[in-house]
Amino acid sequence: MACAICARPVDPRYRPFCSKRCADIDLAKWLRGDYVVPGEPVEDLPPRDEEPAPRD
């Protein structure tokens with residue numbers, strides 16, 4: 001199996017990556033929002049401290 005970031009052989013400690021560095025690169029991509037599911041945007045949710053409007 002090859003590392004999901006750099007294609008080197010996988011290290012079992014960091015699977016599916018070869019090193020902590022590649023695992024951190026992947027985490028940074030997730031945190032920046034580089035990985036997204038295609039589709040229509042959803043409506044923004046109201047802030048947690050506000051009650052949602054009642055539905056009829």
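**An unpaired acidic residue, free cysteines and local backbone features**

Asp 26 is buried, yet this residue has no salt bridge, and the nearest side chain of opposite charge, that of Lys 29, is 6.2 Å away. Here buried means under 20% relative accessible area, exposed over 50%, and partly exposed in between, with a 1.4 Å probe and protein chains only; a salt bridge is a side-chain nitrogen of Lys or Arg within 4 Å of a carboxyl oxygen of Asp or Glu. Lys and Arg count as positive and Asp and Glu as negative, while His and the chain ends are not counted. The model is predicted, so that local features need pLDDT of at least 70 and side-chain atom pairs count only at pLDDT 80 or more, whereas totals for chains, interfaces and linings use all residues. Residues are numbered from 1 along each chain as its sequence is written, and side-chain values use heavy atoms, with hydrogens and water left out.

Asp 26 belongs to helix H1, which covers residues 20-32; helices (H or I, at least four residues) and strands (E, at least two) are DSSP runs numbered from the N terminus. When residues up to four places away in sequence are not counted, Asp 26 touches Ile 5, Phe 17 and Tyr 35, contact meaning heavy atoms within 4.5 Å. Leu 31 also lies in helix H1, but this leucine is exposed, with a relative accessible area of 70%.

A search of the whole structure finds 0 disulfides, a disulfide being a pair of cysteine sulfur atoms within 2.5 Å. The sulfur of Cys 18 has its closest cysteine sulfur in Cys 6, at 3.5 Å, which is too far for a bond. Cys 22 is likewise in no disulfide, the nearest cysteine sulfur, that of Cys 18, being 3.7 Å away. Cys 18 counts as buried at 13% relative accessibility, as does Cys 22 at 1%, whereas Cys 6 counts as partly exposed at 31%. Cys 6 is placed in the segment before H1 and touches Cys 18 and Cys 22, residues up to four places away in sequence not being counted.

Two backbone features were also found in the segment before H1. Arg 15 and Pro 16 are joined by a cis peptide bond, with omega about 10 degrees, and Ala 7, which counts as exposed at 57% relative accessibility, has a phi near 75 degrees, a positive value in a residue other than glycine. Most residues other than glycine have a negative phi, and most peptide bonds are trans.
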